[in-house]
Amino acid sequence: MPYVTEQNLTDIVKERWTHIPDPRLRKIMASLVKNLHVFVREIEPTEAEWAATIDWLTRTGKMCTEKRQEFILTSDVLGVSMLVDAINHRLQSKATPTTVEGPFHIPGSPEFADGENMAEGAPGIPCFVTGIVRDLDGKPVAGARLDLWQTDGEGLYEAQRDEKEAWMRGVYHSNPDGSYTVQTVAPIGYTIPMDGTVGELMERTTISHFRPAHIHFCIEAAGYHRVVTHLFQRGDQYIDTDVVYGVKEPLIVDFIKKTSGKTPTGETLATPFYEVRYDFVLQRKTAAQKAA
Ligand code: BEZ
Ligand code: FE
């Protein structure tokens, strides 16, 4: 074996990392070594820069707790979370597209009947989200489970509030005709957490650290692909600059503002409220996908 030089080092490392019995791990490590060496050869870091990189990664790891995941946030702001999502959810173009799940989903949300309010007592403008869950042929999907989470009208999720009860989240089910009605308050745009290592990095850029107003949905129905997605408010000032690259054109919806009047749940409000209408389109799993 030749001893290393700057020129032959990459090839020697690549060769050594081929001795892995698991073919998937072998492929991953071959690509990692190849691309990491390309990266380092391209940027030619100083030793001080490389030490700062290791320090940044160390501090990022130390920030992670059960409630805080600074590495996921790193993956989000670098567009990697959206790339992994895209690779894993290549749905047909007419199906409702997926987008990044984000860190604020809490499992086991309370169940609400159609039209009930999942934002009781929360600050914000009332908002009614209605629509139909359909399949690709336009047929209604009954009994689909819609798990929602979002910020309140002050831009905060449950994890960011000191709430004892569930906050701004709930589970609904579509009716036999596929319809659903959610009562909530309108979300607002918000910044990703900026008090950690990701914030430190973002502060050294001119990149916006805001997300446009959105409501998260996870929709599940037997025999269909699970869809984790958001609905985004058309016209939001951050719609074209979402810091985590989550906005897809079919997910931008009108939040129609009414000054007062009859709501989709049949009551009359004397104050302003929003109406949002969206039909979700689910794609059936193939027999092989069902078996997997
Ligand atoms: C969110 O949508 O809740 C979110 C996604 C990625 C990073 C931070 C927040
Ligand atoms: Fe969110």
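**Close-up 1. Ala142 sits in the loop between strand E1 (126–135) and E2.** Everything in these views comes from a predicted model. Let us start with this one small residue: is Ala142 buried or exposed, or something in between? With a relative accessible area of 44%, Ala142 is partly exposed. Its C-alpha atom is 9.3 Å from that of Ile132, a residue 10 positions away along the chain.

**Close-up 2. Five strands make up an open sheet.** Reading across the sheet, you meet the strands in the order E3-E2-E7-E8-E9, and their pairing is mixed. Which strands are at the edges? They are strand E3 (169–173) and strand E9 (252–253), each of which pairs on one side only. As a reminder from the textbook, strands of a sheet pair through backbone hydrogen bonds, in either a parallel or an antiparallel way. Here, strand E2 (residues 145–150) runs antiparallel to strand E7 (residues 214–220), and six bridges connect the two. Look for Trp149, which stands opposite His216 in E7.

**Close-up 3. Four residues of the protein hold the iron ion (ligand 2).** Which atoms act as the protein donors? They are the OH atoms of Tyr157 and Tyr190 and the NE2 atoms of His214 and His216, at 1.8 to 2.1 Å from the iron ion. Along the chain, the donors follow the spacing Y-x32-Y-x23-H-x1-H. Tyr157 belongs to the loop between E2 and E3 while His216 belongs to strand E7, so this pair ties together parts that are 59 residues apart in sequence. Both Tyr157 and His216 are buried. Why is the arrangement around the iron ion called irregular? The six donor atoms subtend angles of 53 to 169°, and that spread makes it irregular. For reference, the ideal angles for six octahedral donors are 90 or 180 degrees.

**Close-up 4. Salt bridges link charged side chains, and the whole structure has 16 of them.** One network of salt bridges joins Arg145, Asp147, Glu220 and Arg226. Within this group, Asp147 bridges to Arg145, with 3.9 Å between the closest N and O atoms. Asp147 counts as buried at 4% relative accessibility, whereas Arg145 counts as partly exposed at 26%.

**Close-up 5. Glu158 and Arg169 form a salt bridge.** Their closest N and O atoms are 2.6 Å apart. Glu158 is in the loop between E2 and E3 and Arg169 is in strand E3, so the pair ties together parts that are 11 residues apart in sequence. Glu158 counts as buried at 15% relative accessibility, and Arg169 counts as buried at 10%.

**Close-up 6. Glu275 and Lys258 meet in a salt bridge.** The distance from N to O is 3.6 Å. Because Glu275 lies in strand E13 (residues 273–277) and Lys258 in strand E10 (residues 256–258), the pair ties together parts that are 17 residues apart in sequence. Glu275 is partly exposed at 21% relative accessibility, and Lys258 is partly exposed at 32%.

**Close-up 7. A nonpolar patch lies on the surface.** Leu32, Leu36, Phe39, Ile43, Trp50 and Ile54 make this patch, which covers about 540 Å². Helix H2 (23–43) and helix H3 (47–63) each supply at least two of its residues. Which helix gives the most? That is H2, with four residues. Phe39 is found in helix H2, and with a relative accessible area of 42% Phe39 is partly exposed.

How values were computed
Residues are numbered from 1 along each chain as its sequence is written. Chains are lettered from A and ligands numbered from 1 in the order in which they are written. This is a predicted model: local features need pLDDT of at least 70, side-chain atom pairs count only at pLDDT 80 or more; totals for chains, interfaces and linings use all residues. Side-chain values use heavy atoms; hydrogens and water are left out. Two strands pair if DSSP finds at least two bridges between them. Donors are N, O and S atoms within 2.8 Å of the metal (3.2 Å for Na, K and Ca); water is not among the atoms, so sites may look incomplete. Four donors count as tetrahedral if all angles lie between 85 and 135 degrees; four count as square planar and six as octahedral if opposite donors are over 155 degrees apart and all others between 65 and 115; anything else is irregular. Buried means under 20% relative accessible area, exposed over 50%, partly exposed in between (1.4 Å probe, protein chains only). Patches are made of residues with over 30% relative accessible area and no salt bridge: like charges are joined within 9 Å, nonpolar side chains (Val, Leu, Ile, Met, Phe, Trp, Tyr) within 5 Å. Accessible areas come from the Shrake-Rupley method with a 1.4 Å probe; for residues, only the protein chains shown count as cover. A salt bridge is a side-chain nitrogen of Lys or Arg within 4 Å of a carboxyl oxygen of Asp or Glu.
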